[in-house]
Amino acid sequence: MLYFVYILAGIGAGVVTGLAGLSTAVVVTPLLVSICGWNSYDAVTVALASDVLASVLTSYTYYKNKNIDLKNGVLIAITAFIGSIIGSYSGYVFSQSQPDGLGYISMLTTISLGIKFLVKPITKGHDTTSNTHQINAKKVILAIILGCGIGWICGFTGSGGGILMLTVFTLLLGYNLKVAVGTSTMIMSIVALTGTISHISMGAVVDILAMIIVIVFCVVSAYISAKFANKCEIKKLNRVVGTCLLVLGIATISLKLL
């Protein structure tokens, strides 16, 4: 039963990463905490480790389809990297006083993201080849500053970074959903690597076999999902992601409370 959950967690995590650039933690952490009984800090560590390869592969797929803002993405990644280190330490301190706290935060984040994609889908924005799209320098600077805060959130909870990155690239910099997903996954791969190393160095204990299973299935499903997302109509993409997240979030928090 546990290994089935690990496989399911990997597949689900890869799907949300490939389709919407979300952190694998919105799937992995709730499942490992609610069904498998993992400590939330250890579950976040597995989620971050899964994020690394899945995000790299996803961002490469989007890059091949010219759906990445490489220039601004690298600048934001630098500040997000710094924030993730601080966030990892903060998450460790919090997990000592509230062992299940991070798990509940991840579950509620999953539900809120599902509602967001269904109620207010991201359907507008420019692509990277648009000649009419000029990005204000002040907005780029603000995005870089926000990157530090987003990195902190990702390091602390192991989730949330993806949707906040999407917000920065869609609402602040004006890109469409596909460019936002591609660029955010590129950044999240760096942040997730930093978070994984920080969590392990602070004493996270994980089942190596379980982590390998989650990562393998996550990477494969992320690759397939990313290829689908780059060909999918944006409104349909929002509905698919929103429905998956909402069902998953409600199911995992219900299991935890029972």
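Buried means under 20% relative accessible area, exposed means over 50%, and partly exposed lies in between (1.4 Å probe, protein chains only). The model is predicted, so local features need pLDDT of at least 70 and side-chain atom pairs count only at pLDDT 80 or more, while totals for chains, interfaces and linings use all residues. Residues are numbered from 1 along each chain as its sequence is written, and side-chain values use heavy atoms, with hydrogens and water left out.

**Exercise 1. Place Ala80 in the fold and list its contacts.**

Step 1. Ala80 sits in helix H4; helices (H or I, at least four residues) and strands (E, at least two) are DSSP runs, numbered from the N terminus.

Step 2. Ala80 has 0% relative accessibility, and therefore counts as buried.

Step 3. Contact means heavy atoms within 4.5 Å. Neighbours within four places in sequence aside, Ala80 is in contact with Gly147, Cys148, Gly151, Met165, Ile187 and Val191.

Step 4. Ile150 is 70 residues away from Ala80 along the chain, yet their C-alpha atoms are separated by 6.3 Å.

**Exercise 2. Describe the chain as a whole and its confidence.**

Step 1. Count the elements: there are 10 helices and 0 strands. The pattern along the sequence is α-α-α-α-α-α-α-α-α-α.

Step 2. Of the 258 residues in the chain, 56% are buried.

Step 3. Take the contacts between residues at least 6 apart in sequence: 84% of them join residues at least 24 apart.

Step 4. About 10,900 Å² of the chain is exposed, and carbon and sulfur atoms supply 71% of this area. Accessible areas come from the Shrake-Rupley method with a 1.4 Å probe; for residues, only the protein chains shown count as cover.

Step 5. pLDDT is the predictor's confidence in each residue, from 0 to 100. Its mean over the chain is 76, and 81% of the residues reach 70 or more. Among the elements, helix H5 (residues 101-119) has the lowest mean, 67, and helix H9 (residues 208-231) the highest, 89. Where pLDDT is low, the predicted coordinates should not be read in detail.

**Exercise 3. Check the lengths of H1 and H8 against expectation.**

Step 1. The expected span of a helix is 1.5 Å times one less than its number of residues.

Step 2. Helix H1 (residues 2-20) has 19 residues, and its first and last C-alpha atoms are 27 Å apart, close to the expected 27 Å. Its buried residues include Val5, Tyr6, Ala9, Ala13 and Val16. Gly21, just after H1, has a positive phi of about 70°.

Step 3. Helix H8 (residues 177-201) has 25 residues and should span 36 Å; the end C-alpha atoms lie 35 Å apart, which agrees. In H8, 20 of the 25 residues are buried. Gly203, just after H8, has a positive phi of about 105°.

**Exercise 4. Compare two threonines of H3 by their partners.**

Step 1. Thr45 is in helix H3, and so is Thr58.

Step 2. Thr45 is buried because its relative accessibility is 0%. Thr58 is buried because its relative accessibility is 0%.

Step 3. Not counting residues up to four places away in sequence, Thr45 touches Thr196, His199, Ile200, Ala204 and Val206. With that exclusion, Thr58 touches Thr17, Gly18, Thr185, Ala222 and Ala226.

**Exercise 5. Which helix gives the most to the nonpolar patch?**

Step 1. Patches are made of residues with over 30% relative accessible area and no salt bridge; like charges are joined within 9 Å, and nonpolar side chains (Val, Leu, Ile, Met, Phe, Trp, Tyr) within 5 Å. A salt bridge is a side-chain nitrogen of Lys or Arg within 4 Å of a carboxyl oxygen of Asp or Glu.

Step 2. The patch covers about 1,100 Å², and its members include Tyr60, Tyr63, Leu70, Ile78, Trp152 and Ile190.

Step 3. Helix H3 (40-64) and helix H4 (70-97) each supply at least two of the residues. H4 gives the most, with 8 residues.

Step 4. Ile78 belongs to H4; this residue is partly exposed because its relative accessible area is 49%.

**Exercise 6. Characterise two loop residues, Lys66 and Glu233.**

Step 1. Lys66 lies in the loop between H3 and H4. Its relative accessible area is 60%, so Lys66 is exposed. Although Lys66 is not a glycine, its phi is positive, about 60°.

Step 2. Glu233 lies in the loop between H9 and helix H10 (234-257). Its relative accessibility is 44%, so Glu233 counts as partly exposed. Lys178 is 55 residues from Glu233 in sequence, and 10.0 Å from it in space, C-alpha to C-alpha.
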